[in-house]
Amino acid sequence: MKILTVSYSFTGNNEALAKSVAKELAAEHLIVTEPKTRTMGGIVLDMLFNRTPKVQSLPNKWGDYDLILFFAPIWMGQVASPIRAYLKELRVNSGRYAFASISGGADGGNPKLMSELNKRTGREPIALIDLPITSLLPQDQQAARKDTSAYRIDEKDIKKLTDTILQALKDKI
Ligand SMILES: Cc1cc2nc3c(=O)[nH]c(=O)nc-3n(C[C@H](O)[C@H](O)[C@H](O)COP(=O)(O)O)c2cc1C
């Protein structure tokens, strides 16, 4: 099985997780980068106006992967904008894909992700795995946005989250 992981990360969490999962799956790993420095203001504007920012290294052709596994943060209930151009590519490239995220979760879940992925790619992912940071915090801690935004996953978290993703994909790949 030939798998490509594609990750975008603003503060490092999703890249660290993608790297670990790619290693376990012996997958190629493509890291999405932007030519312009990303700012908080840019995040908000992208989300409000549904902008698709320019990214580097957009492949001309995906090649013959059996699965493309995306990782990106969730911003304002949506998939982070730098991954949008890649999701759009799936409209012209058939094949299976999955989406995983280490998100914040301070406002509860992100219920619109499935319909967003459907809309952007034209089909459903084989798996949508939203892993909130709140699930890594002590049970008695009422996590606020500032706590989840400041949280950087460590080796122990990465191991736990990698196992969760592999488990979720087990019967599908
Ligand atoms: C502007 C902004 C908006 C966010 N909105 C959400 C949200 O709607 N839902 C959520 O679960 N997490 C949200 N988060 C939290 C991030 O998804 C979370 O911190 C993630 O782990 C960051 O990933 P990264 O380190 O790969 O950039 C938001 C973070 C930022 C900076």
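**Close-up views of a ligand site and a loop residue**

**View 1. Residues around the ligand in a predicted model.** The ligand is surrounded by 20 residues, of which Ser 9, Phe 10, Thr 11, Asn 13 and Gly 77 come nearest. Sorted by class, this shell holds 9 nonpolar and 11 polar residues, and no charged residues.

**View 2. Backbone atoms beside oxygen atoms of the ligand.** At Phe 10, a backbone N or O atom lies 2.8 Å from an oxygen atom of the ligand. A polar backbone atom of Ile 102 is also 2.8 Å from an oxygen atom of the ligand. For Gly 105, the distance from a backbone N or O atom to an oxygen atom of the ligand is 2.9 Å. On its own, the ligand has 650 Å² of accessible area, and the protein covers 86% of this.

**View 3. The pocket and the elements around the ligand.** The ligand takes up the space of the largest pocket. Two or more residues of the shell around the ligand come from each of these elements: helix H1 (13-25), helix H2 (40-49), strand E4 (74-75) and strand E6 (96-103).

**View 4. Thr 37 in the loop between strand E2 and H2.** Thr 37 is placed in the loop that runs between strand E2 (28-31) and H2. Its relative accessible area is 74%, which is over the 50% cut-off, so Thr 37 counts as exposed. Thr 37 and Ala 26 are 11 residues apart along the chain, and their C-alpha atoms are separated by 31 Å.

Note on methods
Residues are numbered from 1 along each chain as its sequence is written. This is a predicted model: local features need pLDDT of at least 70, side-chain atom pairs count only at pLDDT 80 or more; totals for chains, interfaces and linings use all residues. Side-chain values use heavy atoms; hydrogens and water are left out. A residue is near a molecule or strand if one of its heavy atoms lies within 4 Å of it. A polar contact is a pair of N or O atoms within 3.5 Å; within protein, one must be able to donate a hydrogen and the other to accept it, and residues adjacent in sequence count only if both atoms are side-chain atoms. Accessible areas come from the Shrake-Rupley method with a 1.4 Å probe; for residues, only the protein chains shown count as cover. On a 1 Å grid over the protein atoms alone, a cavity is a set of points where a 1.4 Å probe fits but cannot get out, and a pocket is an open set with protein on both sides within 12 Å along at least five of seven lines; lining residues have an atom within 4 Å of a point. A molecule sits in a cavity or pocket if more than half of its atoms lie within 2 Å of its grid points. Helices (H or I, at least four residues) and strands (E, at least two) are DSSP runs, numbered from the N terminus. Ala, Val, Leu, Ile, Met, Phe, Trp, Tyr, Cys and Pro count as nonpolar, Asp, Glu, Lys and Arg as charged, and the others, Gly among them, as polar. Buried means under 20% relative accessible area, exposed over 50%, partly exposed in between (1.4 Å probe, protein chains only).
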